[in-house]
Each structure stands twice: as C-alpha cells, then as structure tokens.
Amino acid sequence: SRGINAEYGEETKKPDGSIHIKYPDNATKITYPNGEEKSVYSDGTVVTVDCTGQKLILLPSGQREVHTSSFKRREYPDGTTKTVYSDGRQETVHANGRVRKKDANGNLVSDVVLNKSGGVVIDYLNRRGL
C-alpha cells in the first residue's frame, strides 16, 4: 500500500512487511519487520541500524562510523581510527602505529608508537625512544 507519512515522504508497505519511504530529495529509508533500518541520503551517506541498535554510517568520503552502546568509532580511509567510549575515554590509533589515549576528562594518558608486533617503539608522553 502507498501513502504519505508524517515526514512528507512517500511510504510503500511491501509484502515482506518492510516499509519503504522515498523523500522529495531522493533520500530513502527502509524499515524491516525485525527492527533493522537502512537509510540512503541524497549525498550518498548510508546508515544502517541492526536490531540490537548498532549503527553503521558509511560516508561518501570513505569514512565509516560505528555506534554501539559502549563506544562510537570513526574509521578513516588511511586506517586511522578514533574511538570514544561511553565513559568518556578516547583512543586514536593512527595508520603509522601511533596510539593516543585520553581519560574521561580529556587528559592525555598514553601517546606511543607501536611496531607491527605491538611493542612500544616511541613513548611521546615519557619522551623516550625504546
């Protein structure tokens, strides 16, 4: 069946129970019977939400964001990741192996470069190469 929803999009209910909404700007949203959702925005951004509430955002720039109940993480095309945990702690892992950690108050608690096996090569916080 078809109709216009409260958000001014054209809504279509499919035989599988999913609801498809197309908005005037060509953005779309699909809601599935199990609670999963997929939205595609006119700029190319794709947002999926699974039935546990975990959200994956794919940005046109190649960046990705993952949102869960315990953290939010942005992943950059060069391999760098920035994670903010629900308690406020932050961790940035750079593609070159540099790892910076901050506590919930934003204070830098660790700033190191790791080698491929995970060993510390440089400790910027304590100003020493190992």
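Visitor: In this predicted model, how many bridges join β10 to strand β11?
Guide: The model is a predicted one, and in it β10 and strand β11, the latter covering residues 90-93, run antiparallel. One of the contacts can be named, since the bridge partner of T83 in β11 is E91. The number of bridges that join β10 to β11 is 4.

Visitor: Which residue takes a positive phi in the hairpin of β10 and β11?
Guide: This hairpin has 4 residues between the strands. The residue there that takes a positive phi, near 100 degrees, is G88.

Visitor: On the other side of the topic, how many bridges join β9 to β10?
Guide: Strand β9 spans residues 71-75 and strand β10 spans residues 81-85, and the two run antiparallel. Among their pairings, E75 has T81 as its bridge partner in β10, while in the hairpin, with 5 residues between the strands, G79 takes a positive phi near 100 degrees. The bridges that join β9 to β10 number 5.

Visitor: What is the geometry of the aromatic pair that F71 and Y85 form?
Guide: The structure holds 1 aromatic pair, formed by F71 and Y85 with 6.5 Å from centre to centre and 65 degrees between the planes. Because an angle over 60 degrees is the criterion for this class, the pair of F71 and Y85 is described as edge-to-face.

Visitor: How many residues apart are the two partners of that pair?
Guide: The pair links distant parts of the chain, with F71 in strand β9 and Y85 in strand β10. Their separation is 14 residues.

Visitor: Does F71 count as buried or exposed?
Guide: The relative accessibility of F71 is 18%, and the cut-off for the lowest class is under 20%. F71 therefore counts as buried.

Visitor: Which residue lies over the face of Y85?
Guide: Each ring of the pair can be taken in turn. R73 lies over the face of F71, at 4.5 Å from the ring centre. Over the face of Y85, at 4.5 Å from the ring centre, lies R89.

Visitor: Which residues make the nonpolar surface patch of about 210 Å²?
Guide: One member, I122, lies in strand β14, residues 120-123, and counts as partly exposed at 31% relative accessibility. The residues that make the patch are V121, I122 and Y124.

Visitor: What distance separates the C-alpha atoms of R100 and Y124?
Guide: R100 is found in strand β12, residues 98-102, and is partly exposed, with a relative accessible area of 26%. R100 and Y124 are 24 residues apart along the chain, and their C-alpha atoms are separated by 9.4 Å.

Definitions and conventions: Residues numbered from 1 in each chain as written. Predicted model: local features only at pLDDT ≥ 70, side-chain atom pairs only at ≥ 80, totals over all residues. Heavy atoms only, no water. Phe/Tyr/Trp six-rings, centres within 6.5 Å; stacked < 30°, edge-to-face > 60°. Buried < 20%, exposed > 50% of the residue type's maximum accessible area, 1.4 Å probe, protein only. Lys NZ or Arg CZ within 6 Å of the ring centre and 35° of its normal. Pairing = 2+ DSSP bridges. Patch = residues over 30% accessible without salt bridge, like charges linked within 9 Å, V, L, I, M, F, W, Y side chains within 5 Å. Areas by Shrake-Rupley, 256 points an atom, 1.4 Å probe, with all protein chains shown as cover. Salt bridge = Lys/Arg side-chain N within 4 Å of Asp/Glu carboxyl O.
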